[in-house]
Amino acid sequence: MGLRRKNERTALLVVLAALGAIPVASGTAGMVLGTGALPGGAKTVGSVDSEYRFVNVFWAAAGGLLWWSLRQPENRSATTRMVLSLAALGGLPRLLSWAKTGSPHPVFRATILLELLVVPVVLAWHARVIGARST
């Protein structure tokens, strides 16, 4: 592997590790603190809080899976692509929510951009640098 390719691979892995930190941190906070910890959030009814905490288990696990995949990026590239693809798709229901209920907090508007613009670029970068060598 050439030096340039190795440096690009390293940069990609650093970006993926940072992207993995987002769901791990926010998912853990969501499980522990509930909806009141959301930017613009507030205490809500028990059913919504319960569902929010439950869903955040999966969100935190997505970040953990992304980190796990980075230990053997070529062999676990399918996991990386799956997690990133799900995160990108998650931007679509956020857009639906915006259309149905109004503009979210600025943090979540930025999240929509991250999911719908940045993550697909990282997916393409991953495909180019790592490829699809796993099952």
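In what order do the elements of the protein chain run from the N terminus on? They go α-α-α-α, in a model that is predicted. The legends below start with the whole chain and then move in on its parts.

**Figure 1. The whole protein chain, with four helices and zero strands.** Start here to get your bearings. Helix 1 covers 3-33, helix 2 covers 46-69, helix 3 covers 77-101 and helix 4 covers 106-129. Taken along the principal axes, the C-alpha atoms fill a box of roughly 55 × 25 × 25 Å. The chain has 135 residues, and 30% of them count as buried. About 8,100 Å² of the chain is exposed, with 68% of that supplied by carbon and sulfur atoms. Now take the contacts between residues at least 6 apart in sequence: 69% of these join residues at least 24 apart.

**Figure 2. The largest pocket, with a volume of about 1,100 Å³.** Its lining is made up of 44 residues. If you want to find the centre, look for Leu38, Trp59, Arg94, Phe108 and Thr111, which lie nearest to it. Each of the four helices, helix 1 through helix 4, puts at least two residues into the lining. Helix 2 has the largest share, at nine residues. Sorted by class, the lining holds 25 nonpolar residues, 17 polar ones and just two charged ones.

**Figure 3. The largest nonpolar core, a set of 16 residues.** The members that touch the most others are Leu12, Leu16, Leu66, Leu84 and Val122. Helix 1, helix 2, helix 3 and helix 4 each bring at least two residues to this core, and helix 4 gives the most, with five. Zoom in on Leu16 and, leaving aside neighbours within four places in sequence, you'll find it in contact with Leu66, Leu70, Thr80, Leu84, Val122 and His126.

**Figure 4. A close-up of Leu123 in helix 4.** Is Leu123 buried or exposed? Its relative accessibility is 18%, so Leu123 counts as buried, the cut-off being under 20%. Apart from neighbours within four places in sequence, Leu123 is in contact with Arg81, Leu84 and Ser85. Ser77 makes a handy landmark: Leu123 and Ser77 are 46 residues apart in sequence, with 10 Å between their C-alpha atoms.

**Figure 5. A close-up of Ala60 in helix 2.** Ala60 is another buried residue, with a relative accessible area of 13%. Which residues does Ala60 contact, leaving aside its neighbours within four places in sequence? They are Pro23, Val24, Gly27, Thr28 and Met31. To place Ala60 against another part of the chain, look at Ser85: the two are 25 residues apart along the chain, and 16 Å separates their C-alpha atoms.

**Figure 6. A close-up of Arg128, also in helix 4.** Here the view turns to an exposed residue, as Arg128 has a relative accessible area of 54%. That puts Arg128 on the exposed side because the cut-off is over 50%. Even so, Arg128 has partners: setting aside neighbours within four places in sequence, it is in contact with Arg5 and Glu8. How far apart in space are Arg128 and Gly63? Going from C-alpha to C-alpha, they are 22 Å apart, and their positions lie 65 residues apart in sequence terms, counted as residues apart.

Technical notes. Residues numbered from 1 in each chain as written. Predicted model: local features only at pLDDT ≥ 70, side-chain atom pairs only at ≥ 80, totals over all residues. Heavy atoms only, no water. 1 Å grid on protein atoms, 1.4 Å probe; cavity = no way out; pocket = protein on both sides within 12 Å on 5 of 7 lines; lining within 4 Å. Points joined across faces, edges and corners; volume = space filled by probe spheres on them. Nonpolar A, V, L, I, M, F, W, Y, C, P; charged D, E, K, R; others polar. Buried < 20%, exposed > 50% of the residue type's maximum accessible area, 1.4 Å probe, protein only. Contact = heavy atoms within 4.5 Å. Areas by Shrake-Rupley, 256 points an atom, 1.4 Å probe, with all protein chains shown as cover. Core = buried A, V, L, I, M, F, W, Y, C linked by side-chain atoms within 4.5 Å.
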